[in-house]
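Here are my notes on the model you sent over. Have it open while you read, since the points refer back to it.

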Amino acid sequence: MALDPMTSLPAQLPRPKPARPRIGRTSFGNAMVKLCQKDNSVIGITAAMPTGTSLKILEKAMPNRYYDVGIAEEHAVLFACGMATMGFHPVCAIYSTFLQRAYDCIVHDAALQDLPVIFCMDRAGLSPSGRPHHHGLFDISYVRSVPNCIAIGAKR
């Protein structure tokens, strides 16, 4: 760590350049707002990823149709399943690699009950967003083995 020669304290490190916005970053959030406006049963759920999934747009436009359960992917899936049993059509948006934490819930609580829950896996496959823990390399393969589930890959 560099020291400031005048104060002998750690020198101010240069700030990193802000990341360029990803193409299509807001498309999902805008589409969710339109879906919620057309259908009162559609709700958006995320697990502490409102900006990255662009559900922040839904939160701002229709806060009563947006739910953030915090860093609890399993709870997000279970909450979506509970809402589906009550007639809602939840759209659960979670980063692909973190949705793996809720695999058991996807199988036993959503798929085997054939509930109408949509999972939108952000950062699927090799993600340009950088760090390896954000790459969803296993997403399509682990979802394809789930009964009553359709896996569709999309490129940004």
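The points below go from the sheet to the main helix and then to the cores.

1. A caveat before anything else: this is a predicted model. Please read every number here as computed from predicted coordinates.

2. Start with the sheet. It is open and has 4 strands, ordered β2-β1-β3-β4, with parallel pairing. β2 (66-68) and β4 (118-122) sit at the edges with a single partner strand each, so one side of each has no neighbour in the sheet. From one strand to the next, the twist averages 20°.

3. For the pairing of β1 with β3, look for 5 bridges in the parallel sense. If you want a residue to click on, try Gly44, whose bridge partner in β3 is Val91.

4. Now α3. This helix lies across β1, β2, β3 and β4, and runs at about 170° to β3. Its length checks out: 13 residues at 1.5 Å a residue should span 18 Å, and the end C-alpha atoms are 19 Å apart, which agrees.

5. Which residues of α3 are buried? They are Glu73, Ala76, Val77, Ala80, Cys81, Met83 and Ala84. These residues cover an arc of only 165° around the axis, which puts them on the same side of α3. Note that Glu73 is among the buried ones. The cover over the buried residues of α3 includes β1, β2, β3, α4, α5 and β4.

6. A small detail at the end of the helix: just after α3, Gly87 has a positive phi of about 95°.

7. On to packing. The largest nonpolar core has 26 residues, and Val77, Ile94 and Leu99 are the members that touch the most others. At least two residues of this core come from each of β1 (42-46), α3 (73-85), β3 (89-95), α4 (96-99), α5 (103-111) and α6 (139-144). The top contributor is α3, which gives 6 residues.

8. Val77 deserves a closer look, as a buried residue of α3 and one of the best-connected members of that core. What does Val77 touch, leaving aside residues up to four places away in sequence? The contacts are Cys92, Leu99, Ala102, Cys105, Ile106 and Phe119. Leu99 also appears with Val77 among the core members that touch the most others.

9. Finally, don't overlook the second core. This one is separate, has 10 residues, and includes Met32, Cys36, Leu58 and Tyr66.

Technical notes. Residues are numbered from 1 along each chain as its sequence is written. This is a predicted model: local features need pLDDT of at least 70, side-chain atom pairs count only at pLDDT 80 or more; totals for chains, interfaces and linings use all residues. Side-chain values use heavy atoms; hydrogens and water are left out. A nonpolar core is a set of buried Ala, Val, Leu, Ile, Met, Phe, Trp, Tyr and Cys residues joined through side-chain atoms within 4.5 Å. Buried means under 20% relative accessible area, exposed over 50%, partly exposed in between (1.4 Å probe, protein chains only). Contact means heavy atoms within 4.5 Å. Two strands pair if DSSP finds at least two bridges between them. Axes are lines fitted to C-alpha atoms, for helices over the stretch in contact, and angles run from 0 to 180 degrees between N-to-C directions. The expected span of a helix is 1.5 Å times one less than its number of residues. The arc is that of the directions from the helix axis to the C-beta atoms.
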